[in-house]
Structure formats: structure tokens, C-alpha cells
Amino acid sequence: MSNATFSRALLATLLIGPQAFADTHETNSLEQRVTALESVRLTGGFRLNYTYKDWNEAQTERGGDFTYNQINLGIEAEHQGVRLSSQYRWYDSGNGAMVHHMYFATDASDNTEVQVGITKVPFGILPYESHSYWGDATLYLGFNDDYDSGIKVLSKQGKWDLQLAYFASGDAAPTDAQRFSFDVVSDGDAGVQQNQETHQFNLRAAYALSEQAEAGVSLQYGGLYNETTGKMGNAQALALHYTATYGTFGVQSEAVRYSYNAENADGVSDDTIQMGGFGARYMAAAQANVYVLNLSYDLPWKGGIVNQVQLYNDYNLLDKNKEAFRDSQINTLGVLVVTGNLYTNFDVTSAKNVPFIGAGDYTKAFAEGDGENGWQTFFNVQFGYYF
């Protein structure tokens, strides 16, 4: 018996059970099961962070904190033309554990795929709209790296990349802020904020201007059900984006216009909407524009264990409709060093009126402002190993 055959038999014994060998008529079934098991692939990642925040006096006095950030594990599998993609994440104690994504997929044709489950919302720059650890305003507003529950069709038609999707709901219960994707969340029975995302449609069309450049448009329209009034409002968003690589230079640019039109109860402001994610709830301007400009440059420092060194600067502005609301800005200057499967980001992030950055009131930062309206800065080093 060859080593490969022995390994397959041992795997089948452990996962299927020894009684599977009892009947020789089950040999073909056993072989099929083992073949299916061989297509299963385990993926994952481990992340550690060193952080130094200029507004945290206790932290600065002790020289910053070096802590565990995240462990994630995923399963990729395929059998008889149906694929599974899934991932679960365990964050530090302040952020909890949650599903990242989980969907089934199959090919409708050579250039068209259908996905069903918790899958990425096709909107704006894909797959990610930033280079840094912290991300940008669109992430915390639900327009970047967002996953919802529904069905999506992806199709390549010549130079066109087309994606159409319908999402019945978000990636967790509408009252649950303990979720990976930042979405509109309600307070539950006893709260004031009662809006919930539902019946959302997305269309994204991107055109390849060249092998290294893409321009695209994204449309999003969905319902905004208010549990108190029993009425259905709506949420709308439009994005235009352009991404390109010019040799060692890279650019990501995007403009987003969004509007939440809620059917709130009397006394509840229509100027804000409640967002939630990673266990936190905060208010955001109900209508605003978002502008993104991210630049990168691959430095010519490569060799030995170093595969890539990239310098980048990510900037974004949240321009709110209501004049009394102070605008939000984020800028990150950073360096990425890639050594095999280890990705290390060195980031200096400065922001004002942004949730979780600064000593102000994060629950109001994306709305009227955090009360400080000043720039706050933190230095972060993230070590991420992925397989």
C-alpha cells in the first residue's frame, strides 16, 4: 500500500468510522467521500497588534500596548460543482467572536458564478478599499468590506465585471451589534432607534480600461423598516470609483453619496441613523458624501525573506449634509512589509470626529462630532500571518 493510499484510508477511518469498511459494496461510496474530503482546504490567520495612542495618557506612560488582536479559521470545499466558503473570527476580549462570511457557490456558466449565503456586498472598490489596519470611513459606514445575507450573481463579460445581488438582511440579527459588518442596527424593544435594513438590491459594474486600471459605478437601494412606526423607509447609495497601477505606483479613488430616509417615530431625529458593529453602537449622519483617495508605492527593497515593501497613504473625508455637523477626516501613512505569509503594517493614523479614535464621544463622531473637533493620532504595528 502506497503512502498516499494509506493516508486516504486513515483519514476515512478517522472521519467516517471503521464500520465503513465492513461492507465491500460500500467501497465506491467510501472513495467518493474520501475524494470529497481531499478537496477541503483549511484557511486562517493570526494577528498581533502594538498600539500607541496619543490621547491615552496611561498607555503612553507605559509605552504602548502589545496585544493579541484576532484568530480566524475558514473552510473552503467543493463537491459535485458546489463550493463552500466560510470563515469565523475570534477577536480580543473587547470585540468578541463572529461569522465573517459563509456562502455556497456554483458556476452557472464559464464566466458566471452564483453565491448564496452571507456574502460580500458588491459596492465600490473591491476587494478592499484601504491599505491600513484600521480601514477608513466607508468601512464604518457599511460601504466597504461589508457582508450581508442573500444571493449574488457575478459575471465577466469581456472587459466588464458585473455583479448583481439581493440581500434579505444583514449578517446578524437587526438588533445585534455584535457583528463583523457595520450595518444599521436597532435598539430592540426598549430603545429609541428602531430602524432595520431589509430587502437590499445592489448593482456593480466595473470596466477594465487596461490590465492595470478599472473604472466603475455601484448602486444600492434597500428598505429601512422601523419597528415602532411599522413603516418602511429607504436607504440609497451611489459610488463611482477608479483604481489603477502605474508600474510601482497604485491609486484607489472613490466618491460615495448615501442617504438614509427613515420613517421614525415623533421625536426621533431624521438627521442621524444608528450604525453598529463589533459590539458598538454609534450615530452617523443620515445624508453625506464620502471621498476617498489612497496612494501606494512599491519600494525597490526586495530580497532574502522580504517579498515586498509598500509605502501608502490613505485619506478619506466624510462631508455631512447637515451644516451643524462637523465633517470627519481620516489619514493613514503606513508601510507594509511582506515576508512569506507574514504581513506587517506600520501605520500612523490621524483623524478627527471619527469613532474609536480620540478621547471624545465616539457615539456622535460620525454625526455632530465627538465634541473635540481636533486631530488625534495613534501608531499601530500589526503582525498578521495568513494561510
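In which strand is Asn-202 found? The views below come from a predicted model, and the second one gives the answer.

**View 1. The protein chain as a whole.** The protein chain holds four helices and 19 strands. Its C-alpha trace spans about 75 × 55 × 45 Å along the principal axes. The radius of gyration is 23 Å, which agrees with the value near 21 Å for a compact globule of 387 residues. Of those 387 residues, 45% are buried. Take the contacts between residues at least 6 apart in sequence: 58% of them join residues at least 24 apart. The exposed area of the protein chain is about 18800 Å², with 57% supplied by carbon and sulfur atoms.

**View 2. Asn-202 and its surroundings.** Asn-202 is found in strand β9, residues 195–210. Buried or exposed? Asn-202 has a relative accessible area of 1%; the cut-off for buried is under 20%, so Asn-202 counts as buried. Its side chain makes a polar contact of 2.8 Å with the side chain of Gln-200. Neighbours within four places in sequence aside, Asn-202 is in contact with Val-121, Pro-122 and Phe-123. Its contacts also include Gln-163, Leu-164, Ala-165 and Phe-167. Leu-219 and Gln-220 complete the list.

**View 3. The largest nonpolar core.** In soluble globular proteins, nonpolar side chains tend to be buried together. Here, the largest nonpolar core has 46 residues. Leu-141, Tyr-258, Tyr-260 and Phe-366 have the most contacts inside this core. Elements giving two or more residues to this core are α4 (137–140), β7 (160–169), β11 (232–246), β12 (249–261), β13, β14 and β15. The largest share, four residues, comes from β14. Which residues does Leu-141 touch? Beyond four places in sequence, they are Phe-182, Tyr-258, Tyr-260, Met-275, Ala-284, Val-290, Leu-318 and Phe-366.

**View 4. The open sheet β8-β13-β14.** Three strands form this open sheet, in that order and with antiparallel pairing. Its edge strands are β8 (183–184) and β14 (280–285), each pairing on one side only. Two bridges join β8 to β13, residues 272–277. Val-184 has Met-275 of β13 as its bridge partner. Met-275 is also one of the residues that Leu-141 touches.

**View 5. The β11–β12 hairpin and its pairing with β15.** How many bridges join β11 to β12? There are 13, and the two strands run antiparallel. The hairpin has two residues between its strands. Gly-247, in the turn, has a positive phi of about 65 degrees. Ala-244 has Val-251 in β12 as its bridge partner. β12 also pairs with β15, in the antiparallel sense, over eleven bridges. There, Val-251 stands opposite Leu-295 in β15.

**View 6. Asp-298 in strand β15.** Asp-298 lies in β15, which covers residues 287–299. Its relative accessibility is 26%, so Asp-298 counts as partly exposed. Which residues does Asp-298 touch, not counting those up to four places away in sequence? They are Thr-248, Gln-308, Val-309 and Gln-310. With Gln-308 there is a side-chain polar contact of 3.1 Å. Gly-250 is 48 residues from Asp-298 in sequence, yet their C-alpha atoms are 8.4 Å apart in space.

Note on methods. Residues are numbered from 1 along each chain as its sequence is written. This is a predicted model: local features need pLDDT of at least 70, side-chain atom pairs count only at pLDDT 80 or more; totals for chains, interfaces and linings use all residues. Side-chain values use heavy atoms; hydrogens and water are left out. Two strands pair if DSSP finds at least two bridges between them. Buried means under 20% relative accessible area, exposed over 50%, partly exposed in between (1.4 Å probe, protein chains only). Contact means heavy atoms within 4.5 Å. A polar contact is a pair of N or O atoms within 3.5 Å; within protein, one must be able to donate a hydrogen and the other to accept it, and residues adjacent in sequence count only if both atoms are side-chain atoms. The radius of gyration is taken over C-alpha atoms; the globule rule is 2.2 Å times the number of residues to the power 0.38. Accessible areas come from the Shrake-Rupley method with a 1.4 Å probe; for residues, only the protein chains shown count as cover. A nonpolar core is a set of buried Ala, Val, Leu, Ile, Met, Phe, Trp, Tyr and Cys residues joined through side-chain atoms within 4.5 Å.
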